[in-house]
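Welcome, and please open your viewer. We will go from stop to stop, with something to select at each one.

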Amino acid sequence: MTKKEAAAVIIAAKQRLGLTWAQLSEAIGRAPAWTVAALLGQHPVPEAEAKTVAGLLDLGEEIELALRAQPTRGALETAVPTDPTIYRFYEVLQVYGPAIKELIHEEFGDGIMSAINFRLDVARAEDPAGDRVVVTLDGKFLPYQW
């Protein structure tokens, strides 16, 4: 079973059992964003956590083994995403990407933000004009080595 196939089975089991991503992340002691990405196939899940997830979702060893497998990272089906939620992030990077790059270089020097040593959080912020989505991207600065 591939990680993509396992992800579909996991989503179906999660819905069938009425569980939330927050409950699954709490059960394995990991951050919600990491947990969702891992269960959708973007990270290898350590053995103990894979067993816990498979047990909670009443899934077999085949799912557990797929969770533990090393992934091929990158989840977009097309170069330009078509899902509206994902596309908005693509749009944000088209508009603000060059500014983000300039600000990183001005503050830190010549380098990049790591996507390996990285934390992600998604939160809700109440606002009188309508609740806001707060996405925090927190990556280690990696200077270029010349």
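## A first stop on a strand

Select alanine 115, which sits in strand E1, the stretch covering residues 111-125. Keep in mind that you are looking at a predicted model. Is alanine 115 buried or exposed? Alanine 115 is exposed because its relative accessible area is 68%, and the cut-off for exposed is over 50%. Now add leucine 137 to your selection. Alanine 115 and leucine 137 are 22 residues apart along the chain, and 9.1 Å separates their C-alpha atoms.

## Step back to the whole chain

Zoom out and colour by secondary structure. How many helices and strands are in the protein chain? There are six helices and two strands. Follow the chain along its sequence and you meet them in the pattern α-α-α-α-α-α-β-β.

Turn the model around to get a feeling for its dimensions. Along the principal axes, the C-alpha atoms of the protein chain fill a box of roughly 50 × 50 × 30 Å. Switch on the surface next: the accessible surface of the protein chain is about 10400 Å², and carbon and sulfur atoms account for 57% of it. The protein chain has 146 residues, of which 21% count as buried.

Try colouring by charge as well. The protein chain carries 14 positive and 20 negative side chains, and 3 Å lies between the centres of the two sets.

## Two domains

Select residues 3-68, which the domain assignment calls domain 1, and then residues 84-143, which are domain 2. How many Å apart are the C-alpha centres of domain 1 and domain 2? The two centres lie 26 Å apart.

## Helix H5: glutamate 64 and arginine 68

Go to helix H5, residues 61-68, and pick glutamate 64, which lies in this helix. Glutamate 64 is buried because its relative accessible area is 9%, and buried means under 20%. Which residues does glutamate 64 touch, not counting those up to four places away in sequence? Show Glu47, Ala50, Lys51 and Ala54 to see them.

Stay in helix H5 and select arginine 68. With a relative accessible area of 34%, arginine 68 is partly exposed. Leaving aside neighbours within four places in sequence, the contacts of arginine 68 are Lys3, Pro44, Val45, Pro46, Glu47 and Ala50. Take alanine 50 from that list: it is 18 residues from arginine 68 along the chain, with 6.6 Å between the two C-alpha atoms.

## Two loop residues

Where is aspartate 58? Look in the loop between helix H4 (47-56) and helix H5. Aspartate 58 is exposed, with a relative accessible area of 62%. Check its backbone angles too: phi of aspartate 58 is near 55 degrees, a positive value in a residue other than glycine. Most residues other than glycine have a negative phi.

Now move to glutamine 42, in the loop between helix H3 (32-39) and helix H4. Is glutamine 42 buried or exposed? Glutamine 42 counts as buried because its relative accessible area is 17%, and the cut-off is under 20%. Show its contacts, leaving aside neighbours within four places in sequence: Ala37, Pro71, Thr72, Arg73, Gly74 and Ala75. Glycine 74 deserves a closer look, as a polar atom of the glutamine 42 side chain lies 2.8 Å from the backbone nitrogen of glycine 74.

## Last stop: helix H6

Select helix H6, residues 84-108, and find isoleucine 104 within it. Isoleucine 104 counts as partly exposed, with 21% relative accessibility. Apart from neighbours within four places in sequence, isoleucine 104 is in contact with Gly109, Met113 and Phe141. Finally, draw a line from isoleucine 104 to valine 122. These two are 18 residues apart in sequence, and their C-alpha atoms are 22 Å apart in space.

Before you close the viewer, zoom out once more and think about contacts across the chain. Among contacts between residues at least 6 apart in sequence, 52% join residues at least 24 apart.

Technical notes. Residues numbered from 1 in each chain as written. Predicted model: local features only at pLDDT ≥ 70, side-chain atom pairs only at ≥ 80, totals over all residues. Heavy atoms only, no water. Helix = DSSP H or I, 4+ residues; strand = E, 2+ residues; numbered from the N terminus. Buried < 20%, exposed > 50% of the residue type's maximum accessible area, 1.4 Å probe, protein only. Contact = heavy atoms within 4.5 Å. Areas by Shrake-Rupley, 256 points an atom, 1.4 Å probe, with all protein chains shown as cover. Lys, Arg positive; Asp, Glu negative; His and termini not counted. Charge placed at Lys NZ, Arg CZ, Asp CG, Glu CD. Polar contact = N/O pair within 3.5 Å; in protein donor to acceptor, adjacent residues only side chain to side chain. Domains from an automatic or database assignment.
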